[in-house]
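Subject: Structure for your review

Dear colleague,

I am passing on the structure we spoke about, together with notes on what turned up when I went through it. Please read the notes with the structure open beside them.

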Amino acid sequence: MMITTLIRRELLDNLMTFRFVVVFIIMLLLVVANTSVLIKDYDRRLASYNSAVKSNHDRLLESRTYSSGSFAVVRPPNLLSIFNAGLDKRLSNEIFVSYGFVPTLWDGQVHGSTNPLLNLFSSIDIVFIFEVVLSLMSLIFAYDALAGERERGTLRLVLTHPVSRGKILLAKYMSAMLCLLVPLLMSFLLVVILLMTSRIVSLNIDDFLRIGGIVLSSIAYLSAFYFIGMLISVITRRTSTALMLAMFVWAFLVLVYPNVILVRMTPAQPFQERLASAFNQIEQIWDEFERERKDFLANDPIPGEESHFGMEGGSGLFEKWYKDKSSLLFSYVAASYLNEGGS
Amino acid sequence: MIWHITKRELYDNLNSLRFALATVLLFVLMLINAVIHVQEHPERMQKYHDATTKSLNTLRSQTDLFSIAQEGPGNLYKKPSPLYFCEEGGDIFLPDYVYGTSFVHIANNLRAFWSLYYPGAFPNVFNIRPDTVKVDWGFVIGYVLSLIAILFTFDSISSERERGTLRLMLANAVPRHTVLIGKFLGALVSISIPFTLAIFMNLLVISMSRDIDLGADVWIRLCIIFIIAILYLCLFIALGLLVSSSVQNSVASLVILLLTWCVFVVFVPSTLASIASGFSNPMTYDEYFKRRNQDIKDLKEEYVALSQETRELPHKKIQIDSEYVAKGTEQEERLSQEQLNQQISQIQLARSITRISPITLIQHLLEVFVGTGFERHQQFLENVHRYAREYREFVTDMDRADPDSLHIIGVREGMSKKPISPESIPAFEDTLSLSRDFNAAAINLLLLVLFFVVLSFTAYLVFVRIEV
């Protein structure tokens, strides 16, 4: 029974504070503003996906011989990328498939709908708002949880009652989480409502389960930050020290560490090497083809014009780039665009 | 008296935990930045150097005027900035080259001349690691320094009010504005000390490296960047003092400040950019290819029809060939230029709208003075266009200088057949100029000053009117 009293006390304390009101309002504003932007963005990507599918379909209908054509496979945008964009917008979403050509990772393309320069602006999603704002808030709720009571002397008062220290911590945690859950759940609710009212989007059971998963992991994230704050609050004597420590820990964990740690993980070098070895292999195959062709022509009983057996992928292009390794693969991809105007 | 208050603030701050933590954070970040730059910059320069030599060699391997005129200059590369460590400016999302080659076949044995193509850089299509912000000065100043400014100032007035020491101070014959200025200077000096030292250490590490050579021009740019950083710091200190003097309780002041910081520094730039980029729809690549293929098809049909008529007249055929080569080149160049212009104007709109956020201002300013990012890319494109004109003029001049030539540019038979000396072909050299940069930076700098003046004036008004 003691624990419910404790939780109620903490909850009332927290709910009445100024910080709670400010967090609540800012969270809702940010979430509403960004959701509408993100839905519009999703709408654009979906339209571009549809037009890509349509143009590919048209091309498929136009072509007479499938063996010589090259056809695109397009990846649809993910609806839940509104919550977490991940790599959905960035990675390639179109790949060309044709006879005699094995697509690899770097043959993927971004189908022609977006302005590539828009990548200059960092993209945002709902989970990012939680990442930044709610982690900050759970630290602000936690930093004075114990240090403040010790300063004011109320902790001693509470401990005179027959209540274990663990229960006090638990009560503090429960009440703070209840407080933080209000803006979190409200904003999820708002996002879902906005999604359901927009006519382009329809959510199914699967999506709801996934959203539930996002909510649960957000709660785990919040708890982790609350416990970090509580740890700081327990080990420091003064609230001002606890606050400074909490803020710098936040800056380090959220702002600095994720950026610093990934800086040295540039995949540029191995990628270049892989590319070079792949090009070498391709070149060897072409050399072999060239040799066989020469052999065949030398032994051919009927002398005629030199033939490439239609293997070049845009006849003008290949001869020009044949010597240049780096454009070997590009010539295929370019040929698929240029074959109408190129040859 | 101002000096007295400043000194007191300074001593208070120097002993505090936040000063130590801020110093450690700034030093670690600046050290990481320097080490990465020392490792990466020589590679970057080498890559640029190799690429330009290669493209220059291909250019100079041609000796006859016709193929020079047809094939074009090849790839033209953007020169990396020596101050890359200050601001990366999204350079990986911008193409670092433009290519001038000839693609369009009008008929058998007839190809349009070269034109400029602007590759759409999708550098991250293959890159599956998460997005990160590059740890450059722009990051340290924009995010970390502004946060530190807030953490130093949120309690400077509110906590004195809480403890009652403000009343004590004002009981002496000290005018209020003196108190405010003293506090402002105290915070400014105590943050500037670790920041300046961290920058010195960063520059020391970088200039000690054998492979990196910072010229006089670069040091001037660095000084300007430092001044801009201090101005940005002042802005956030003024914001801190404003909120701190208008709120009774220092925790409330911190919460307001942190949320303002989050909204303006973290969220406003990306949200506004996505809103603003929805206003215009630049030509998509699908549309571009569709139009391009249509144009080429039309051109071919026209040409075939005309050449049927003039099959018997060889000198007339040369005229028509030359005309269609010019036409094909022109329409190709116009189309890619049109697409590029639409893309650029979309970005420009989004960039000017995001200027509400001070972090965007400081990033734009740094980009301008460092020579990375979007402004720099436009400067590079201007250089490329100037070079393209020069190159085309070179071809016509060389042709005009030869008395044996028929002066029909576009066809091999109609052009000068004299060998061209490889050295006389103009080479592309990308340059950075400081005077141009000042113009680009002026508006951003004025906005930054304006924000600072408005914030500090409001802080003054609020502080004068509060009841102690």
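Are D430(B) and R376(B) buried or exposed? Both of these residues are buried, and I begin with them since they also form a salt bridge with each other, in which the closest N and O atoms are 2.5 Å apart. The pair links distant parts of the chain, with R376(B) in helix α13 of chain B and D430(B) in the loop between α13 (373-401) and α14 (434-465), 54 residues apart. Please keep in mind throughout that this is a predicted model.

Overall make-up of the chains

Chain A has eleven helices and two strands, and its elements, read from the N terminus, run α-α-β-β-α-α-α-α-α-α-α-α-α. Of its 343 residues, 47% count as buried.

Chain B comes to 14 helices and five strands. Its radius of gyration is 30 Å, well over the 23 Å that the globule rule gives for 468 residues, so chain B is more spread out than a compact globule. The C-alpha trace of chain B spans about 105 × 50 × 40 Å along its principal axes, while buried residues make up 57% of the 468 residues in this chain.

Salt bridges

Over all chains, the structure holds 26 salt bridges, and besides the buried pair described above I would point to two others in chain B.

In one of them, the side chains of D321(B) and K317(B) meet with an N to O distance of 3.1 Å. Both residues lie in helix α11 (residues 314-353) of chain B, where they are four residues apart, about one turn of the helix. The two partners fall into separate accessibility classes: D321(B) counts as buried because its relative accessibility is 7%, whereas K317(B), with a relative accessible area of 35%, is partly exposed.

In the other, D397(B) and R400(B) bring their side chains together at 3.9 Å, N to O. Because these residues are three apart in helix α13 of chain B, about one helical turn separates them. D397(B) counts as partly exposed at 43% relative accessibility, and R400(B), with a relative accessible area of 59%, is exposed.

In chain A, R9(A), E10(A), E149(A) and K172(A) are joined into one network by salt bridges that share partners.

Surface patches

Which residues make the nonpolar surface patch of about 540 Å²? The patch is made by Y11(B), L14(B), V189(B), I193(B), L197(B) and F200(B). The elements that give two or more residues to this patch are α1 (2-14) and α7 (176-208) of chain B, with α7(B) supplying the largest share, four residues. Y11(B), for its part, is found in helix α1 of chain B.

On chain A there is a surface patch of another kind, in which D287(A), E288(A), E292(A) and D295(A) gather in a region of negative charge. One of these residues, E288(A), is found in helix α9 (residues 268-299) of chain A, and it counts as partly exposed because its relative accessibility is 43%.

Two loop positions in chain B

Where is S280(B) found? This residue is in the loop between α9 (250-277) and α10 (285-309) of chain B, and at 24% relative accessibility S280(B) counts as partly exposed. S280(B) and L349(B) are 69 residues apart in sequence, and their C-alpha atoms are 9.0 Å apart in space.

The second position is H407(B), whose phi is near 60 degrees, a positive value in a residue other than glycine. As background to that value, most residues other than glycine have a negative phi. H407(B) has its place in the loop between α13 and α14 of chain B, which is also the loop that holds D430(B). With a relative accessibility of 42%, H407(B) counts as partly exposed, whereas D430(B) is buried.

If you look at one place before the others, I would suggest that loop, together with the salt bridge between D430(B) and R376(B).

With best regards

Note on methods. Residues are numbered from 1 along each chain as its sequence is written. Chains are lettered from A and ligands numbered from 1 in the order in which they are written. This is a predicted model: local features need pLDDT of at least 70, side-chain atom pairs count only at pLDDT 80 or more; totals for chains, interfaces and linings use all residues. Side-chain values use heavy atoms; hydrogens and water are left out. Patches are made of residues with over 30% relative accessible area and no salt bridge: like charges are joined within 9 Å, nonpolar side chains (Val, Leu, Ile, Met, Phe, Trp, Tyr) within 5 Å. Accessible areas come from the Shrake-Rupley method with a 1.4 Å probe; for residues, only the protein chains shown count as cover. A salt bridge is a side-chain nitrogen of Lys or Arg within 4 Å of a carboxyl oxygen of Asp or Glu. Lys and Arg count as positive and Asp and Glu as negative; His and the chain ends are not counted. The place of a charge is taken as NZ of Lys, CZ of Arg, CG of Asp or CD of Glu. Buried means under 20% relative accessible area, exposed over 50%, partly exposed in between (1.4 Å probe, protein chains only). The radius of gyration is taken over C-alpha atoms; the globule rule is 2.2 Å times the number of residues to the power 0.38.
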